[in-house]
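I opened my notebook for a look around this one, and here is what I looked up, in the order I got to it.

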Amino acid sequence: MFVLLLLCAIPAYLLASAASLPFAGQSPDWARLGILFGGSLRATLCALVFAVPVGIAAALFAAHFCAPRLRGWLRAALELLEAVPTVVLGLIAFASIAPWLATHVAGVVVACVVAPCALFAWGLATRTPRRRLGWMPLWGVPLVVAALVAGVVLGAGIDGTRFVPASPWNTLLVGLVLGVATLPTVYAMADDALAALPSAQTQAALALGATRWQALVTVALPAAMSGLIAAVCMAAARCFGETMIVLMASGNTPLGGFDWLGGLRSLSAELALELPRSAPSGAAWRELLLVALLLLATTMLLHAVARVMRTRLRARQVA
Amino acid sequence: MSRARNESAGVALLGGAAACCVGVVVALAAWLAVAGFAPFWPTSVVEVSLRDGAVVLGERVAQFDDAQVLRTSEIERIGGAYRRLRPDDIVSTALPRDVLAIELADGRRLFARDAGDAAALLAAAGAIESDVVERVAPNALGFGSRCMLFVKRVARFVAGAPDTSNISGGVLPALIGTLTLVLLMSVLAMPLGVATAMFLHQRRGAYARALRSAIDMLAGMPAILYGVLGLGLFVHGLGARVDAWFFADRLPVPTFGSGGLLWAAATLALLTLPVVVVSVERGLAGIPASLREGSLALGATREETMWRLLLPLARPAILGGFALAIARAAGSVAPLMLVGVVKLAPALPFDAHFPYFHPSAQFMHLGFSVYDASMASPDALRGVPRAYACAALLVLIVLTLNLSALVLRNRLRARQRMLEPA
């Protein structure tokens, strides 16, 4: 048993020892470190832009409007998505999406705006009976696909020189695919947070005459808010440490700035590319351990925030 | 506009997001199935007459807006005979029925008009009859025989050896490497994980709390950091020490001091430990307290209760954790890139020479093959389809394991519902 504690202490020990290694006369290349950190950050933010709205909205739907039988299936499907090795997603991004995306950036942007608007308008125009609405995740698929395709077609008409990416492997591509990869994380954690709420509160709201939507927005959402923030933090931590997708889809060019159509190089990709080539205890090795340390610190920070938020959620439930 | 309408629009938006999730999953599965198995489907051989009078025989491998790419007979080397044809170069295209497509053991493909032509091509390619792996007339094949050929090609891919440059051929070493790695990993991780879960289940102290947060931390660490750990600690630390003590006669050639199967398995064991611990502990926690108390009341010691009662009851949870751990290990590639996975290692990790199993050997891995074939293949038009085929195989393995974990979990739930006092 004591062996195990040692084992768990290893990461902390190794990285601490790496940090305490003396830098022989030369200070580490902080500018490069900053660029790598910026690359990871850009990829993470871009991924969250896609994953968070979709994942949380899907979880809200599942918790309040979904047919109960479908809810289990939805969860299982997303768990299977989580199980897909990220190298496979990286392959799809690198080989299949990148060439298409290079000429359809404007289409994707327009589709991301048009599809929600179209769904909203469709919801305004029609009234769906509640029982059928519960199965919307299934029969809504063609609807969403149609809205997205319409957006892409509309966007193709735009002649935008601003929408020409510098390289086919860019931040937008990384964000899209990394967003798909973290969608299950966001969904599962948000779903857990919503499911953990005492149902008495929602039922009381319904009994007092609130509609389901009102019960969701005024009762469940504020109560689950810290859980949802925890979900976002966990997803961010996962994106930040993700290696294969970023390695394959980002082009691995160490560029600074916040160009969402430019390439990037992340901390994790730097480790995967450079570490096998560097000799142990050389200068490059030490710099790479610094990169690892930075990566560890950031993910641990995000995890700590998520943990605090979850503790809050639990305290609220007890109250 | 009424409030009800606004609300129905909001719900439609949420439902659309849920539909989006389903759509992504379905699209991914469909795309993988199509792209993963398409490389094995026998394609037709076309005969293209060009404007300059030449006639080219080959298979179409890529189609662009302004041109198509034809793979013609690869007489000199694999991937050395692509022709890029523009529409205005082409006079006519035909599908002659008697064309032969020949595949050699080193992956080269030859296209001949008839048997005599085939013999001449083989001689030019420096190949003899026994080098021929596949010889068919693809244009004359019916649907049934195309299916047969498809199955045969899939079997050759799964159970065959790669060619010398890993551009084409089978993936058996990668498959065996993946499976051996994962088995070795579970031998290391399972006892430790189950023991830890048992410990955590029984104790509530500062030590248990520290252990729990350490496991939480391990679970949240990015996979690549495990690779850093494995390289720094196992390979350069432990491995160099082992070399200095036991294999000093072979130095400076490293035995355990470079990446290999054992260190990769140890790295993955660390990576999957939290998965095992969490899932086994959950299984133990789900056992009704009345059973445990009853056992203790009947005079069993705590150890007897643990071994005879709780562990057998938690067996589905242990198996479920095992399957999840394997799935996670089989799918993680990033740490392996640092601790000994290589592009090509045709020798399997076990053979007929003493000690029969070589834990220090470098190995191939399906996930790394996906990365390598797509990013670093010298022949991109073969590399990407090959990467997709590897990816489909990998996903098939991982999903099978995950589904079995799901089924086990459901069985566990049903069983525990039975145990609950009425």
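**Entry 1: a three-stranded sheet in chain B**

I started with a strand pair: strand E6 (residues 100-104) of chain B and E8(B) are joined by 4 bridges in the antiparallel sense. I picked out one position, and B:Ala101 has B:Val136 as its bridge partner in E8(B). Then I checked what lies on the sheet, and helix H2 (residues 115-124) of chain B packs there, touching E6 and E7 of chain B. The direction of H2 makes about 145 degrees with that of E7(B). A reminder to myself before going on: this is a predicted model.

Next I wrote down the whole sheet. It is open, has 3 strands in the order E7-E6-E8 (chain B), and pairs antiparallel. Strand E7 (109-112) and strand E8 (132-136) of chain B are the edge strands, each pairing on one side only. From one strand to the next, the twist averages 15 degrees.

**Entry 2: a five-stranded sheet in chain B**

Which order do the 5 strands of the other open sheet take? I read E4-E3-E2-E1-E5 (chain B), with antiparallel pairing. Strand E4 (82-85) and strand E5 (90-94) of chain B each have a single partner strand, so one side of each is left without a neighbour in the sheet. Here the twist averages 45 degrees from one strand to the next.

Inside this sheet I followed one pair. Strand E2 (residues 55-63) of chain B runs antiparallel to strand E3 (residues 68-72) of chain B, and 5 bridges join them. Opposite B:Gly58 I found B:Thr72 in E3(B).

**Entry 3: two helices of chain B**

At what angle do helix H5 (residues 206-220) of chain B and helix H7 (residues 261-285) of chain B pack? I noted about 125 degrees, with the axes 8 Å apart. That angle is why H5(B) counts as oblique to H7(B). The crossing of H5(B) past H7(B) is left-handed.

I then listed who makes the contact. H5(B) brings B:Ile215, B:Leu218 and B:Ala219, while H7(B) brings B:Leu273, B:Pro274 and B:Val277. Sorted by class, the residues of this contact are 6 nonpolar, no polar and no charged.

**Entry 4: chain A and its domains**

Over in chain A, I counted 13 helices and 0 strands. The C-alpha trace of chain A spans about 70 × 60 × 30 Å along its principal axes.

The domain assignment splits chain A into domain 1 (29-83 + 165-318) and domain 2 (103-163). I note that domain 1 is written as two stretches of sequence. The C-alpha centres of domain 1 and domain 2 of chain A lie 24 Å apart. How many residues of each domain are in contact? I found 8 residues of domain 1 of chain A in contact with 5 residues of domain 2 of chain A. On the domain 1 side, the classes come to 8 nonpolar, no polar and no charged residues.

**Entry 5: where chain A meets chain B**

Last, I turned to the contact between the chains. 67 residues of chain A are in contact with 62 residues of chain B. Which helix gives the most to the side of chain A that touches chain B? My note says helix H7 (residues 136-156) of chain A, with 8 residues. By class, that side of chain A has 58 nonpolar, 8 polar and 1 charged residues.

How values were computed. Residues numbered from 1 in each chain as written. Chains lettered and ligands numbered in written order. Predicted model: local features only at pLDDT ≥ 70, side-chain atom pairs only at ≥ 80, totals over all residues. Domains from an automatic or database assignment. Contact = placed C-beta atoms within 7 Å. Nonpolar A, V, L, I, M, F, W, Y, C, P; charged D, E, K, R; others polar. Axes fitted to C-alpha atoms, helices over the stretch in contact; angles between N-to-C directions. Parallel < 35°, antiparallel > 145°, perpendicular 65-115°, else oblique. Left-handed = near helix turned anticlockwise from the far one by under 90°. Pairing = 2+ DSSP bridges.
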